[in-house]
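This briefing goes through the overall build of one chain, then its charges, two backbone positions and its cysteines. Please keep the sequence and the structure at hand while reading.

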Amino acid sequence: MSGSVPFIEFWRGDMLESQHRGFAVVCDRSGNVVEAWGDAEKMIFPRSSCKMIQALPLVESGAADANGLTTEQLALACASHTGSAIHTERVGAWLTQLGLSDNDLRCGSHEPYDSGLRDQMMCRSEAPCQAHNNCSGKHSGFLTLNKWLGGGSEYVEIDHPVQQACLEATERMTGVTSPGYGIDGCSAPNFATTITGLARALGLFAGASDMSAAGRLRDAMRTHPELVAGEGRACTELMRAMDHKVAIKTGAEAVFAAILPEQQLGIAVKISDGGVRAAQSVMAALLVKYGALDAAHPAAVKYMTGP
C-alpha cells in the first residue's frame, strides 16, 4: 500500500519470512499530530474502531439519559463482542427496555465468536439470532437514538437521521470531510476518513471531561472491557492489563484505535494487508512506548512477541 512503512517482522531461524506494513498516527487532546508513521493522510474505512464516534449522537442527543442507559449499555454501544451470554442477555434486556425485539435489529445474524457457545448451539441445531452479531450493541444504540428521533425502521439507510447524525459526529470529531462510505459487515454505513482524522478524534476522546458524551463513552469502555470484546480478545485483555486506564477498540481489516486519558493521546493504526496479528502487535508496542502498558505484562508479551 502506497506510503506505508514496515512494522512487524516474522523470522524463522535466520531468515525473514514475513513482513507487515502499515500506518500509525498519534494525536494529542487538541488534535495535533505528535508522531506518525507512513502517509498520515491515508484515507481508510475505520470499521469498528470508530464505534465510540458512532455512539456519540446517542449520548449527545439526550436519548441515552432519557432511556436510563447504564455504563454497561454504553460500553455495548461501542462493542464488537463475542456473542457470549453476558452480551446477548444484555442486548435482549435492552431491546425489551425499548419495547422492541430481535426483529427490530438490522445487523443480521452470524455464529457467535464465542467458540464454546458456537459449538453448543451447533450440537443443539440452534440457529444464531441477531443478538449474537458482534455489532448488536451498536445497533441497540442506533435503535435507542432512532426512538428518540422518531425515525423510520430502516435506520441503517444512509439518508436516515441516525446515520446522518453519525456522519456529522464523524466529520466533527475527525476534522475531515468524509469522501464517502462503505457498507460495514453489519449493514450500517462506515464513513471513510484519514488515519490522522481517526487519531484526532481519539485524542479528543482522551481529553474529554468525564461528564461529556465522549468522556462517558470512553469511561464506559474501559470500565467494562469484557463487554467491549470478550474473553480471549485483545481489546479485553489489554484494557485489563492497563488497569482499565485506557480504552482500545479494534476494527476489521486491521484497524486499531486507542484512547489514553492519562497521556492525553489518541492512537490510530492501520495494517496494509489487513493482518489482525500485526495490528495487535503494533498497538501493544505503541501502548508500551507511550507508558500505558508494562512491556513485561503477560498480555504485552503475548501480543508483541508471541510465537
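A residue is called buried when its relative accessible area is under 20%, exposed when that area is over 50%, and partly exposed in between. The model is a predicted one, and the points below should be read with that in mind.

**Overall build**
- The chain contains 14 helices and 10 strands, and its C-alpha atoms occupy a box of roughly 60 × 50 × 35 Å when taken along the principal axes.
- The radius of gyration of the chain is 19 Å, which agrees with the value near 19 Å that a compact globule of 307 residues would have.
- Among contacts between residues at least 6 apart in sequence, 62% join residues that are at least 24 apart.

**Surface and charge**
- Of the 307 residues, 54% count as buried, while the chain as a whole exposes about 12,200 Å², of which carbon and sulfur atoms supply 51%.
- The chain carries 25 positive and 33 negative charges, and the mean positions of these two sets lie 1 Å apart.

**Positive phi outside glycine**
- His 244 has a positive phi of about 65° although it is not a glycine, and this residue is found in the loop that runs between α12 (234-241) and β8 (247-251).
- With a relative accessible area of 34%, His 244 is neither under 20% nor over 50%, and therefore counts as partly exposed.
- Glu 253 likewise is a residue other than glycine with a positive phi, here near 60°, and its place is in the loop between β8 and β9 (255-260).
- The relative accessible area of Glu 253 is 45%, so that Glu 253 too is partly exposed.

**Cysteines**
- A disulfide requires a pair of cysteine sulfur atoms within 2.5 Å, and by this rule the count for the model comes to zero.
- For Cys 129, the closest cysteine sulfur is that of Cys 107, at 8.9 Å, which is too far for a bond; Cys 129 itself counts as partly exposed because its relative accessibility is 29%.
- Cys 135 is in no disulfide either, the nearest cysteine sulfur being that of Cys 186, 3.9 Å away; with a relative accessible area of 4%, Cys 135 is buried.

Note on methods: Residues are numbered from 1 along each chain as its sequence is written. This is a predicted model: local features need pLDDT of at least 70, side-chain atom pairs count only at pLDDT 80 or more; totals for chains, interfaces and linings use all residues. Side-chain values use heavy atoms; hydrogens and water are left out. Helices (H or I, at least four residues) and strands (E, at least two) are DSSP runs, numbered from the N terminus. The radius of gyration is taken over C-alpha atoms; the globule rule is 2.2 Å times the number of residues to the power 0.38. Buried means under 20% relative accessible area, exposed over 50%, partly exposed in between (1.4 Å probe, protein chains only). Contact means heavy atoms within 4.5 Å. Accessible areas come from the Shrake-Rupley method with a 1.4 Å probe; for residues, only the protein chains shown count as cover. Lys and Arg count as positive and Asp and Glu as negative; His and the chain ends are not counted. The place of a charge is taken as NZ of Lys, CZ of Arg, CG of Asp or CD of Glu.
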